[in-house]
Amino acid sequence: MDLMEKYATDGYAIFRGVLDGGLVGEADGHVRWLQEHYPGRSGEDLSTELVAADPFWVRLVSDDRLLDIAERFIGPDIALFASHYIAKPPRTGKAVLWHQDGAFWPLDPMNVVTLWVAVDRSTPENGCLRVIPGSHRDELHGVRERRDGGDAVFDVESDTTVDESQAVDMVLEPGDVEVHHPNIMHGSNANTSPHRRCGLTIRYIPTSTRITTEEQPFPSALLLRGEPGVNTYRERPAYVEGRHFPFTGAERWA
Ligand SMILES: O=C(O)CCC(=O)C(=O)O
């Protein structure tokens, strides 16, 4: 099955070997740098409000290989809505409870695509992403405070029952990209293995999708390709040596 057909049928698709080892290695260095600079944040909490001040983060989500994939799903005018590294540490990495992204997002209409970029090898042992194929055809269910009493990355989950026997594990190599629909039911287990599990979520919207938050521009709203459409955007950050994470080509962002 062609990957676009796969997405239409199952609500997700996997693009293999999208990013090269050099850039994935820089993303790995970036995660470590962020953890040094924000010691109060866990590896699962490196997210949206940090993006627009971080030239490498903006460089990474602007990569043409990623935008070319996003363009196939949402067309040529592309903005960033949000992005989040979820770097689950070895042995103590937390679960992400079952949810549909669209149930949480201030977007109108809910036209958005997620690219999940594997920074580490991602397997059932280290808590890979799991999806319920075909669940993207369901409506958006409500959400509730979590009920399991355990420790999870977010405090909320979908308020519907999920048949976990239908779940498919997203086994990915560094540089692979999983793409998913805002209505697909997904989550991930805790990382009980000796290996970190790091992925970067990138939420791309067509610029015809409005970000409806009171705060404008939204902290991570950035125009990445094409016409600006209905939103206002943050300025791209200028790279300052010594202040920002250093990366290949940083001089072009100064
Ligand atoms: O990385 C994970 O474990 C969960 C990611 C997720 O919930 C998402 O991509 O929407």
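R91 sits in the loop between β2 and β3. Its phi is near 70°, a positive value in a residue other than glycine. Most residues other than glycine have a negative phi. R91 counts as exposed, because its relative accessibility is 56% and the cut-off for exposed is over 50%. All of this describes a predicted model.

**Two cis peptide bonds**

Most peptide bonds are trans. The bond from D108 to P109 is cis, with omega near -5°. P109 is found in the loop between β4 (107-108) and β5. The bond from Q216 to P217 is also cis, and here omega is near -10°. P217 has its place in the loop between β13 (210-211) and β14.

**The six-stranded sheet**

Strands of a sheet pair through backbone hydrogen bonds, either parallel or antiparallel. Which of these applies to the sheet of 6 strands? The pairing is antiparallel. The sheet is open, and its strands follow the order β1-β10-β5-β12-β2-β14. At the edges are β1 (12-15) and β14 (222-225), and each of them pairs on one side only. Neighbouring strands of this sheet are turned against each other by 30° on average, direction ignored.

Follow strand β12 (residues 197-206) for a moment. Strand β2 (residues 78-88) runs antiparallel to β12, and 10 bridges join the two. Within this pair, A82 stands opposite R203. Y85 has L200 of β12 as its bridge partner. Strand β5 also runs antiparallel to β12, with 6 bridges between them. Here L115 stands opposite I202 of β12.

Is β12 enclosed or open to the outside? Of its 10 residues, 10 are buried, so the strand is largely enclosed by the rest of the structure. In a regular strand the side chains alternate between the two faces of the sheet. Both faces of β12 are covered. On one side lie R197, G199, T201, R203 and I205, all buried. On the other side lie C198, L200, I202, Y204 and P206, and these are buried too.

A helix packs on this sheet as well. Helix α2 (residues 21-37) touches β2, β5 (113-118) and β12. The direction of α2 makes about 70° with that of β2.

**L60, a buried leucine**

L60 lies in helix α3 (residues 55-61). Is L60 buried or exposed? L60 is buried, because its relative accessible area is 3% and the cut-off for buried is under 20%. What does L60 touch, leaving aside residues up to four places away in sequence? Its contacts are L19, L23, A27, L66, Y85 and L200. Two of these names have come up before: Y85 and L200 are bridge partners, with L200 in β12. L60 also shows how distance along the chain and distance in space can be compared. L60 and V24 are 36 residues apart in sequence, and their C-alpha atoms are 9.5 Å apart in space.

**The four-stranded sheet**

A second open sheet has 4 strands, in the order β3-β11-β6-β9. Its pairing is antiparallel. Which strands form its edges? They are β3 (96-99) and β9 (168-169), and each pairs on one side only. Strand β6 (residues 129-131) pairs with β9 in the antiparallel sense, over 2 bridges. V131 has V168 of β9 as its bridge partner.

**Around the ligand**

The ligand has 13 residues around it. Which come nearest? They are D101, W116, H186, S188 and R197. R197 belongs to one of the buried sides of β12 described above. The table lists three side chains with an N or O atom placed by an oxygen atom of the ligand.

| Side chain | Ligand atom | Distance |
|---|---|---|
| W116, N or O atom | oxygen | 2.9 Å |
| H186, N or O atom | oxygen | 2.8 Å |
| R197, N or O atom | oxygen | 2.7 Å |

How much of the ligand's accessible area does the protein cover? On its own, the ligand has 290 Å² of accessible area, and the protein covers 99% of this.

Key: Residues are numbered from 1 along each chain as its sequence is written. This is a predicted model: local features need pLDDT of at least 70, side-chain atom pairs count only at pLDDT 80 or more; totals for chains, interfaces and linings use all residues. Side-chain values use heavy atoms; hydrogens and water are left out. Two strands pair if DSSP finds at least two bridges between them. Axes are lines fitted to C-alpha atoms, for helices over the stretch in contact, and angles run from 0 to 180 degrees between N-to-C directions. Contact means heavy atoms within 4.5 Å. A residue is near a molecule or strand if one of its heavy atoms lies within 4 Å of it. A polar contact is a pair of N or O atoms within 3.5 Å; within protein, one must be able to donate a hydrogen and the other to accept it, and residues adjacent in sequence count only if both atoms are side-chain atoms. Accessible areas come from the Shrake-Rupley method with a 1.4 Å probe; for residues, only the protein chains shown count as cover. Buried means under 20% relative accessible area, exposed over 50%, partly exposed in between (1.4 Å probe, protein chains only).
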